[in-house]
Amino acid sequence: MMPARRPNVLMILTDDHAAHALSCYGSRINTTPHLDRIAAGGMRFDNCFCTNSICAPSRASILTGTYPHVHGVTTLCPPFDNRLETFPKVLQRHGYRTALFGKWHLGEGPEHRPTGFDDWAVLPGQGRYFNPIFLEPGADGEETRGVKRGYVTDVITDLALDWLRGRDAQQPFCLLVHHKAPHRPWLPDERHAHLYLDETVPEPETLLDDYRNRGAAAAAAHMRVGVHMTMRDLKCEVPVEFPEDELRRFAYQRYIKDYLRVVASVDDNVGRLLDYLDEAGLAEDTVVVYSSDQGFFLGDHGWYDKRFMYEESLRMPFLVRYPREVAAGTVNGDIVTNVDFAPLFLDLAGIPAPAGMQGRSFRPLLRGETPADWPQAMYYRYWAHNTPSHHVHAHYGIRTRAFKLIYYYGVGSDLPDANGEPTPPEWELFDLRTDPRELNNVYHDPAYAAVVRELTAALERLQREVGDTPVGPSTGAGT
Ligand code: CA
């Protein structure tokens, strides 16, 4: 049965915006008044996780409702096959007007450009912060390229607002606003450049992490604030003569201030979209979602970037406002993932998810009802093994409410950005109840032997269920 009224869908998706840089998630370092409006008017999800913490794979999972080994975008390298089913395509077939503005990052050219959108304009590759180039569909089926003057977050919002103003009001819409911000190299606009100038931003507890009591992967990663940054990141010479602790503290201030300035512009522009929905009388009938393709290390563990299954990078902010169905100011702690977004959007439009989608609609959670059989665990896999840029070891794992088990399987695949030198396989287990910062690997602690056995079996089961394949000697391990 179709609902009497089909809601509009507005998804604002940013790039690398960690939940702990939104004040509605309890940020200690910034305020995001407009993003907080979404939380205050709707529901905040505290355990929304990505299934592979890197841009393109997460974006493909959001669109298709499938895991990377299914949609094929396992790393940044394989482009997206735009013949795959996506939620915008299904909505379009059911009478929605669909549009995408901003970051695509899933390949260019006829086989990879956006499909399922009536209107689109996207940044080529990562795009740039100032006077960005946009690709748009041309009359002859080719893409046209043109510069749009201004700051990228403002320009993308302008495109979205122009489209909203010009649309046919009789038709429900699905609008995806995909910001480049706050992705590296964190270039703020003039309006926000003055923020934090005379302040010291609080440091995260783990900024000076020494990577003890964990496997070898953490210390091996080339993601340390200062140590692995460039002049482009810091906008000044990197003071390589500093001892590492001092370098991290210095670089953290440089980095985090720019990151937060870029976030402040996102927040303002979210406010512009929310204001428009209010003025146009659309707020009641529009599902507004704010999320980011993954989390990010904001100096946590001494790092920037993402990739690891550790909390700061695994967790996605997810705010949803839909006054007809979601009580204002509510919070949900159930586990949901980026694979579940597509089925959710379709469900809200009254459309069953196509059989190929692996995720599950969490619409009942929006109403405050958790089904008895709701998943108690999620599956994660990072594929880009030990690449020269970041040296993060490939891994897969399972996260439950209480524990996280990670297996670094030590080998890459044949993709050019996933085939770094092999590393010795290793396991990590974290007890999130007593060690939420994930500083103490208890995998080899005899007190956790039963937990290791149970979680290893659960990981193998979950891996089979989603159709992924174990690598190396993991099967039947757990000792
Ligand atoms: Ca990203």
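**Exercise 1. How many of the eight residues of α10 are buried?** Work it out, then list them and look at what follows the helix.

*Solution.* One thing to keep in mind throughout: this is a predicted model.
- Step 1: Go through the helix residue by residue. Phe-341, Ala-342, Pro-343, Leu-344, Phe-345, Leu-346 and Leu-348 of α10 are buried.
- Step 2: That makes seven of eight, so α10 is largely enclosed by the rest of the structure.
- Step 3: Now step past the helix end. Gly-350 follows α10 and has a positive phi, near 80°.

**Exercise 2. Place Ala-353 and decide whether it is buried, partly exposed or exposed.**

*Solution.*
- Step 1: Find the segment. Ala-353 sits in the loop that links α10 (341-348) and α11 (363-366).
- Step 2: Check the accessibility. Its relative accessible area is 35%, and the partly exposed class covers the range between 20% and 50%, so Ala-353 is partly exposed.
- Step 3: Look for contacts beyond four places in sequence. Ala-353 touches Pro-343 and Leu-346, and both of those are buried residues of α10.
- Step 4: Compare sequence and space. Thr-86 is 267 residues away from Ala-353 along the chain, yet their C-alpha atoms are 9.9 Å apart.

**Exercise 3. Describe the calcium site: which protein atoms are the donors, and what is the geometry?**

*Solution.*
- Step 1: Collect the donors. Asp-15 and Asp-16 each give an OD atom, Cys-55 gives SG, Asp-293 appears twice through OD, and Gln-294 gives OE1. They lie 2.1 to 2.6 Å from the calcium ion.
- Step 2: Write the spacing along the chain. The pattern reads D-D-x38-C-x237-D-Q.
- Step 3: Check the angles. For six octahedral donors the ideal angles are 90 or 180 degrees. Here the angles among the six donor atoms run from 52 to 167°, and the site is irregular.
- Step 4: Ask how accessible the first two aspartates in that pattern are. Buried means under 20% relative accessible area. Asp-15 comes out at 0% and Asp-16 at 1%, so both count as buried.

**Exercise 4. Cys-55 is a calcium donor. Which helix does it belong to, and what covers that helix?**

*Solution.*
- Step 1: Assign the helix. Cys-55 is one of the buried residues of α2, which spans residues 55-64.
- Step 2: Count. In α2, 10 of 10 residues are buried.
- Step 3: Name the cover. It includes β1 (8-14), α3 (68-71), α4 (87-93), β4 (97-103), β8 (173-178) and α10.
- Step 4: Check the exit. Gly-65 comes just after α2 and takes a positive phi of about 70°.
- Step 5: Add a loop neighbour. His-105, in the loop between β4 and β5 (119-123), touches Cys-55 and Ala-56, along with Leu-76, Gly-125 and Gln-126. At 16% relative accessibility, His-105 is buried too.

**Exercise 5. Work out the strand order of the open four-stranded sheet and say which strands stand at its edges.**

*Solution.*
- Step 1: Read off the order. It goes β13-β14-β15-β16, with antiparallel pairing.
- Step 2: Find the edges. β13 (377-382) and β16 (426-431) each have a single partner strand, so one side of each lacks a neighbour in the sheet.
- Step 3: Look at the twist. Ignoring direction, neighbouring strands are turned by 15° against each other on average.
- Step 4: Zoom in on one pair. β13 and β14 (residues 395-400) share six bridges, and Arg-381 faces Tyr-396 in β14.
- Step 5: Add the helix. α12 (residues 449-466) packs on the sheet and touches β13, β14, β15 (403-408) and β16. The direction of α12 makes about 110° with that of β14.

**Exercise 6. How are α5 and α8 oriented to each other: roughly parallel or roughly antiparallel?**

*Solution.*
- Step 1: Get the two descriptors. α5 (residues 152-166) and α8 (residues 244-279) pack at about 10°, with axes 10 Å apart.
- Step 2: Classify. That angle makes α5 roughly parallel to α8.
- Step 3: List some contact residues. Among them are Thr-157, Leu-161 and Leu-164 on α5, and Val-266, Leu-273 and Tyr-276 on α8.

Technical notes
Residues numbered from 1 in each chain as written. Predicted model: local features only at pLDDT ≥ 70, side-chain atom pairs only at ≥ 80, totals over all residues. Heavy atoms only, no water. Donors = N, O, S within 2.8 Å, 3.2 Å for Na, K, Ca; no water. Tetrahedral: all angles 85-135°; square planar, octahedral: opposite > 155°, others 65-115°. Buried < 20%, exposed > 50% of the residue type's maximum accessible area, 1.4 Å probe, protein only. Pairing = 2+ DSSP bridges. Helix = DSSP H or I, 4+ residues; strand = E, 2+ residues; numbered from the N terminus. Axes fitted to C-alpha atoms, helices over the stretch in contact; angles between N-to-C directions. Contact = heavy atoms within 4.5 Å. Parallel < 35°, antiparallel > 145°, perpendicular 65-115°, else oblique.
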